[in-house]
Amino acid sequence: MPLQGRHPQHRKEPLAKLLRRALFLFLGASLVSVGLEIFLVPNRIIDGGIVGVSILLSALTPVPLGAYLTLLNLPFLYLGYKQIGKTFAASTLFAVLVMSIGTTLLHPVPPITIDPLLAAVFGGITLGAGVGLVIRSGGSLDGTEIVAILLNRKTAFSVGEVVMFINIFILGSAGFVFGWDRAMYSLIAYYVAFKAIDVVIEGFDESKAVWVISDKSAEIGDAIVHRLGRGVTYLRGEGGYTGEDRRVIYCVITRLEEAKLKSIVEEIDPGAFLSIGPIHDVRGGRFKKRDIH
């Protein structure tokens with residue numbers, strides 16, 4: 001049951017910001033397509049998550065890679081819509097479609113290199129940069145991360161641990177399909193992509209602490225509760241320069257929710273003070289998403 005109070009009116013995203021988001025989602029998904037079809041797939045090197053499963057299935061069946069990338073992500077798109085919101089789901093759907101079409105168009109293009117080490121390194125960089133751009137734009141290309149967030153709420157495992165377990169199984173499967181040397185190159189590509197994502201989005205932590213100071217703290221807090229589904233805590237603060245009493249909003253979000261939270265704060269109070277920092281461990285309390293009705 002939602003908290004009592006007035007629901008903030010949901011305002012549409014300005015056209016300029018929508019086009020900017022779409023542009024970066026397109027660029028990110030296109031980079032992922034290049035990393036896959038120009039470097040990794042021709043050299044029988046895979047990535048983790050849904051992308052890795054799609055590469056394995058396309059190698060074992062006549063169905064093209066792009067079809068698997070779309071079909072396997074559809075169930076997770078629905079979960080993302082229910083758990084995170086329609087903006088995230090729409091951004092993810094757009095990015096996945098661009099990635100799927102891109103791999104189909106690039107499939108006939110010959111690879112730049114047939115050296116597996118070069119392919120693993122440069123494919124990982126290209127792939128990671130693309131995924132990072134998509135995440136920074138409020139989307140995702142890997143449904144396993146959404147599953148990991150859901151499992152984290154029901155088990156003792158962290159999001160990072162769940163993702164690691166899933167990817168160890170997927171990357172290990174590459175050894176049976178492509179050979180164990182390609183599985184080891186796949187591990188290199190996965191590690192390089194992980195680091196590239198880290199550079200692009202400036203931190204790969206799953207949870208982030210948020211502090212907001214604003215004259216419209218009640219409206220922002222209400223919007224975070226009802227539109228993002230996160231609980232908030234109000235802290236009492238005092239301005240060091242003015243000496244005025246201020247109310248500080250504190251909450252914890254996942255990194256997939258960061259773009260939406262920023263848009264909420266900017267929409268309600270563009271002049272608000274907003275600070276977001278990484279958290280390496282979250283335990284206890286009420287770090288659970290509320291049902292959004």
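**Exercise 1. Find how exposed Trp 180 is, and describe its ring partner.**

*Step 1.* In this predicted model, Trp 180 has a relative accessible area of 48%. Buried means under 20% relative accessible area, exposed over 50%, and partly exposed in between (1.4 Å probe, protein chains only). Trp 180 is therefore partly exposed.

*Step 2.* Rings of Phe, Tyr and Trp (its six-membered ring) pair if their centres lie within 6.5 Å; planes under 30 degrees apart count as stacked, over 60 as edge-to-face and the rest as tilted. Searching the whole structure gives 2 aromatic pairs. One of them joins Trp 180 to Phe 176, with 5.0 Å from centre to centre and 70° between the planes, an edge-to-face arrangement.

*Step 3.* Phe 176, at 70% relative accessible area, is exposed.

A word on conventions: residues are numbered from 1 along each chain as its sequence is written. Local features need pLDDT of at least 70 and side-chain atom pairs count only at pLDDT 80 or more, while totals for chains, interfaces and linings use all residues; side-chain values use heavy atoms, leaving out hydrogens and water.

**Exercise 2. Classify the pair of Trp 211 and Tyr 250, and place it in the sequence.**

*Step 1.* The ring centres of Trp 211 and Tyr 250 are 5.4 Å apart and the planes stand at 50°, so this pair is tilted.

*Step 2.* Trp 211 belongs to strand S1 (residues 207-213) and Tyr 250 to strand S3 (residues 245-254), so the pair ties together parts 39 residues apart in sequence. Helices (H or I, at least four residues) and strands (E, at least two) are DSSP runs, numbered from the N terminus.

*Step 3.* Trp 211 is partly exposed at 33% relative accessibility, and Tyr 250 is partly exposed at 26%.

**Exercise 3. Check the span of helix H3 and locate its bend.**

*Step 1.* The expected span of a helix is 1.5 Å times one less than its number of residues. For the 19 residues of H3 (residues 65-83) this gives 27 Å, which agrees with the 27 Å between its end C-alpha atoms.

*Step 2.* The bend at a residue is the angle between axes fitted to the seven residues ending there and the seven starting there. H3 bends by about 40° at Leu 74, and Pro 75 follows within four residues.

*Step 3.* Buried residues of H3 include Tyr 68, Leu 69 and Phe 76. Just after H3, Gly 85 has a positive phi of about 140°.
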